[in-house]
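Before you read the note below, please look through the sequence and the model once on your own. The points are meant for someone who has not met this structure before.

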Amino acid sequence: MSNERRQIVLGVTGSIAACKSVELLRLLVQAGFDVRVIQTAASRNFVGMDAFQAVSGRPVLSEMFEGGDTITPAAGAQAGSGPSPDFTHIELARSRLLLIAPATANTIGKMAAGIADNLLLSTYLACACPVVVCPAMNCRMWEHPAVQDNLRLLERRGVIVVPPETGMLACGEEGAGRLAEPPRILARVIQLLGEPVHGDLEGLRVLVTAGGTREPIDSVRFITNRSSGKMGFAIAERSFSRGANVTVIAANCSLPRNPGIRYLDVVTSSELARVLNAEMGGFDVLFMTAAVSDYKVSGTGTMGKIERVDKKDLQLVPTSDIVSSLDRNNKCSLKVGFAAEYGEDNLERAREKMFSKDLDMIVFNDISRSDTGFDSDDNEITIMAKDRGDVFVDKTSKAECAERILDQVAELLADSSGGCP
Ligand code: C5P
């Protein structure tokens with residue numbers, strides 16, 4: 001693939017989510033794209049041009065005057081390292097893709113109305129290439145009919161919208177409006193352009209179990225746990241961004257999905273075991289992130305709904321320990337378990353599980369804390385592997401925890417016989 005064919009334009013507009021665009025840019029560059037960044041004036045209130053220039057290795061384009069068309073490379077831009085100051089929106093519009101992330105309600109509105117009062121909007125109007133818009137804003141702005149109508153209009157004109165996610169917003173409110181996670185945006189770009197992802201895990205086949213199983217009591221009730229699947233999904237997304245071929249066995253996860261990842265949905269622990277055993281042979285690394293129920297109701301559970309007057313005693317029987325009973329057909333397979341432990345000696349109990357379950361690595365998290373772990377966006381973990389020192393990861397996002405876990409896996413694979421890709 002020639003360099004020219006990998007040129008894309010990243011438009012950054014004035015939302016606090018512009019901070020996440022630096023991470024998105026890093027993933028795009030890592031995946032082999034030559035990215036030109038256009039910042040609107042408002043976005044520079046959140047992130048300076050130097051940050052984007054450092055990551056893209058290209059001068060960042062912006063306007064010296066609002067409403068003008070003058071292009072200002074960031075200070076320190078090397079002559080000859082990118083577009084010259086007379087580089088026009090027409091030239092930029094010849095790129096393979098225009099990606100706008102974050103896209104504010106203001107920019108979306110102007111795109112819909114055909115207003116071209118800055119370089120990014122002029123480039124958009126001049127573009128013949130695919131355009132991807134990733135909105136980010138407060139939840140009430142996102143739900144406003146004006147924004148929704150503008151987006152529907154843009155979609156009818158062929159613009160691809162990567163919808164925002166739901167969660168805690170920068171303004172402190174909770175709702176829809178958070179910029180889609182950078183690996184999900186990367187996946188959409190790659191899917192559109194039909195290109196492989198480059199990264200240090202290129203060619204690695206990764207299988208992740210995620211979420212919490214449900215064991216039926218009757219047709220409406222079940223036994224489950226607090227796992228949301230966020231940690232497993234973060235590992236899957238980060239593996240994908242680093243070039244791996246990823247499959248997720250998802251147990252009851254209602255999280256946004258990445259178009260570059262294959263998902264197999266399961267409900268119960270026995271379904272998870274069946275699908276995992278069927279898939280296992282074709283993978284190099286298994287992340288056993290799912291919280292599998294340790295007990296299920298004896299028999300198959302009752303059909304229908306148990307009534308209060310039935311006064312039923314539930315008979316519980318243990319489920320099988322799935323990861324312990326997997327056979328190691330595939331010499332290459334590396335198994336990573338997860339241990340959510342509570343109370344004294346929790347670290348040592350996790351280490352003991354690594355040995356008793358025949359895992360190569362285990363990721364411990366302390367569930368006596370309420371600010372990390374289950375259903376939270378953050379985690380604090382200790383990564384343990386046989387014959388290696390423990391790696392402690394202080395409280396951070398699950399995405400960052402996933403990166404640290406993958407770093408350790410990459411090191412283990414590099415140290416092992418070299419049989420793995
Ligand atoms: O024993 P515990 O549930 O703490 O072990 C956690 C690890 O074992 C996780 O990786 C989990 O996915 C896996 N596990 C399993 N089968 C079970 C219970 C847990 O594979 N029935």
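The numbered points below take up helix contacts, pockets, a cavity and two backbone details.

1. A word on the source comes first: this is a predicted model, and the points below should be read with that in mind.

2. A helix pair makes a good starting place. The axes of helix α8, which spans residues 182-193, and helix α9, which spans residues 230-241, come within 9 Å and cross at roughly 45°, and that angle makes α8 oblique to α9. The crossing of these two helices, α8 and α9, is left-handed. On the α8 side the contact is made by Pro183, Arg184, Leu186 and Ala187, while α9 contributes Glu237, Arg238, Phe240 and Ser241. Sorted by class, the contact of α8 with α9 has four nonpolar residues, three charged ones and one polar one.

3. Helix α9 also meets helix α12, residues 398-415, and the axes of this pair come within 8 Å and cross at roughly 60°, which makes α9 oblique to α12 as well. Here α9 passes α12 in a right-handed crossing, whereas the crossing of α8 and α9 is left-handed. From α9 the contact draws on Lys230, Met231, Ala234, Ile235, Arg238 and Ser239, and from α12 on Lys398, Ala399, Cys401, Ala402, Glu403, Ile405 and Leu406. These residues divide into eight nonpolar, four charged and one polar. Arg238 deserves a second look, since it is named in the contact of α9 with α8 and again in the contact of α9 with α12.

4. Which residues lie nearest the centre of the largest pocket? They are Ala290, Ala291, Val292, Phe338 and Ala340, out of a lining of 39 residues, and the pocket has a volume of about 860 Å³. Strand β16, residues 334-341, gives the largest share of this lining, with five residues, and α9, β16 and β17 (361-366) each supply at least two. By class, the lining of the largest pocket divides into 16 nonpolar, 15 polar and eight charged residues.

5. The second largest pocket has a volume of about 680 Å³ and is lined by 25 residues, of which Glu165, Arg178, Glu181, Asp377 and Ala399 lie nearest its centre. Two or more lining residues come from each of α1 (18-30), β6 (165-168), β7 (174-178), α8, α9 and α12, and the largest share, five residues, comes from α9. The lining of this second largest pocket has 14 charged, seven nonpolar and four polar residues. Ala399 thus appears both here, among the residues nearest the centre, and in the contact of α9 with α12.

6. The structure also holds one cavity of 30 Å³ or more, and the volume of the largest cavity is about 40 Å³. Its lining consists of Met361, Ile383, Met384, Ala385, Arg388, Gly389, Val391 and Gln408, with the largest share, three residues, coming from strand β18 (residues 378-385). Five of the lining residues are nonpolar, two are polar and one is charged.

7. Two backbone details remain for the reader to check. Most residues other than glycine have a negative phi, and most peptide bonds are trans. The peptide bond from Ala101 to Pro102, however, is cis, with omega near 0°, and Pro102 lies in strand β3, residues 97-103. Asn252 has a positive phi of about 60° although it is not a glycine, and this residue, Asn252, lies in the loop between β11 (245-251) and β12 (262-266).

Note on methods
Residues are numbered from 1 along each chain as its sequence is written. This is a predicted model: local features need pLDDT of at least 70, side-chain atom pairs count only at pLDDT 80 or more; totals for chains, interfaces and linings use all residues. Side-chain values use heavy atoms; hydrogens and water are left out. On a 1 Å grid over the protein atoms alone, a cavity is a set of points where a 1.4 Å probe fits but cannot get out, and a pocket is an open set with protein on both sides within 12 Å along at least five of seven lines; lining residues have an atom within 4 Å of a point. Grid points are joined across faces, edges and corners, and a volume is the space filled by probe spheres set on the points. Helices (H or I, at least four residues) and strands (E, at least two) are DSSP runs, numbered from the N terminus. Ala, Val, Leu, Ile, Met, Phe, Trp, Tyr, Cys and Pro count as nonpolar, Asp, Glu, Lys and Arg as charged, and the others, Gly among them, as polar. Axes are lines fitted to C-alpha atoms, for helices over the stretch in contact, and angles run from 0 to 180 degrees between N-to-C directions. Angles under 35 degrees count as roughly parallel, over 145 as roughly antiparallel, 65 to 115 as roughly perpendicular and the rest as oblique. A crossing is left-handed if the near helix is turned anticlockwise from the far one by less than a right angle, and right-handed if clockwise. Contact means heavy atoms within 4.5 Å.
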